[in-house]
Amino acid sequence: MYLNVIDNFIDYNLLEKEKNIFLYKTPHIWGHSSKGGVKFYSTQIPPTSSFIDYIHKRINQEVLNLNTEITRSYINIQHREMEGEFHIDDGDLTALLMVTDTPNDKGGKFEYKWENNKLQSENFIQNRLILFQEIEHRGCAPTNGEPRITLALKLKFLKNEV
């Protein structure tokens, strides 16, 4: 199990630009589900996009200090009452960037089960990066009118790095 939380991960102006692209110019595709149950919106983002490449390089160089490969990158979009289900991600490591504005009411938390299945949570804070591995987790629905958008990068450790 591994969890690392980093606030203010990227430049605020860059994040605001991408937030607006994700909110207003990126199609929100209905039907994604972590475990085949509750459905919400999700959209694949090409790992070759300059924004994804920038995030990936920062994670490799400034946080992990090793090389990884992106196996998938996408945004999750949740509205009120779209509670996520607890699940464990595929892949070696997940990088989750909280994209939309920090809610005033503390909605949209990232909940996870830590040692001895103890329930823990991280508040949804815009520009917070959560790196995690082998943790049962879920995204809680926002409780106000704004959607909760997170950017997920699924990372694979390169064999010569681990």
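I begin with the term I need for my notes on the lining: a cavity here is a set of grid points where a 1.4 Å probe fits but cannot get out, and a residue counts as lining when it has an atom within 4 Å of such a point. I also note at the start that the model is predicted.

**Entry: the cavity**

I searched the whole structure for cavities of 30 Å³ or more, and the search gave 1. How much volume does the largest cavity have? I find a value of about 50 Å³. I then looked up which residues line the largest cavity, and I wrote down I88, D89, D90, G91, D92, L93 and T94, together with F132, Q133, E134 and I135. When I sorted this lining by residue class, I counted 4 nonpolar, 3 polar and 4 charged residues. Which elements give two or more residues to the lining? I noted that these are β5 and β8.

**Entry: the sheet of 7 strands**

Next I turned to the sheet that holds β5 and β8, which is open, has 7 strands and follows the order β1-β8-β5-β10-β4-β3-β2 with antiparallel pairing. I looked for its edges and found β1, at residues 2-6, and β2, at residues 29-32, each of which pairs on one side only. From one strand to the next, I read an average twist of 30°.

I followed the edge strand β1 to its partner β8, residues 129-133, and saw that the two pair in the antiparallel sense over 5 bridges. As one example to find in the structure, I took N4, whose bridge partner in β8 is L131.

I also asked which strands helix α1 lies across, and I recorded β4 (68-78), β5 (93-98) and β10 (148-157). The helix itself covers residues 12-24, and I noted that it runs at about 105° to β10.

**Entry: the sheet of 3 strands**

I then looked up an open sheet in which 3 strands follow the order β7-β6-β9, again with antiparallel pairing. Why is one side of β7 and of β9 left without a neighbour in the sheet? I reasoned that β7 (119-122) and β9 (136-139) stand at the edges and have a single partner strand each, so one side of each strand has no neighbour there. Ignoring direction, I found that neighbouring strands of this sheet are turned by 25° against each other on average.

Last, I checked how β6, residues 110-113, is joined to β7, and I found 4 bridges between these strands, which run antiparallel. Among the residues involved I picked out Y112, whose bridge partner in β7 is Q120.

Definitions and conventions. Residues numbered from 1 in each chain as written. Predicted model: local features only at pLDDT ≥ 70, side-chain atom pairs only at ≥ 80, totals over all residues. Heavy atoms only, no water. Pairing = 2+ DSSP bridges. Axes fitted to C-alpha atoms, helices over the stretch in contact; angles between N-to-C directions. Contact = heavy atoms within 4.5 Å. 1 Å grid on protein atoms, 1.4 Å probe; cavity = no way out; pocket = protein on both sides within 12 Å on 5 of 7 lines; lining within 4 Å. Points joined across faces, edges and corners; volume = space filled by probe spheres on them. Nonpolar A, V, L, I, M, F, W, Y, C, P; charged D, E, K, R; others polar.
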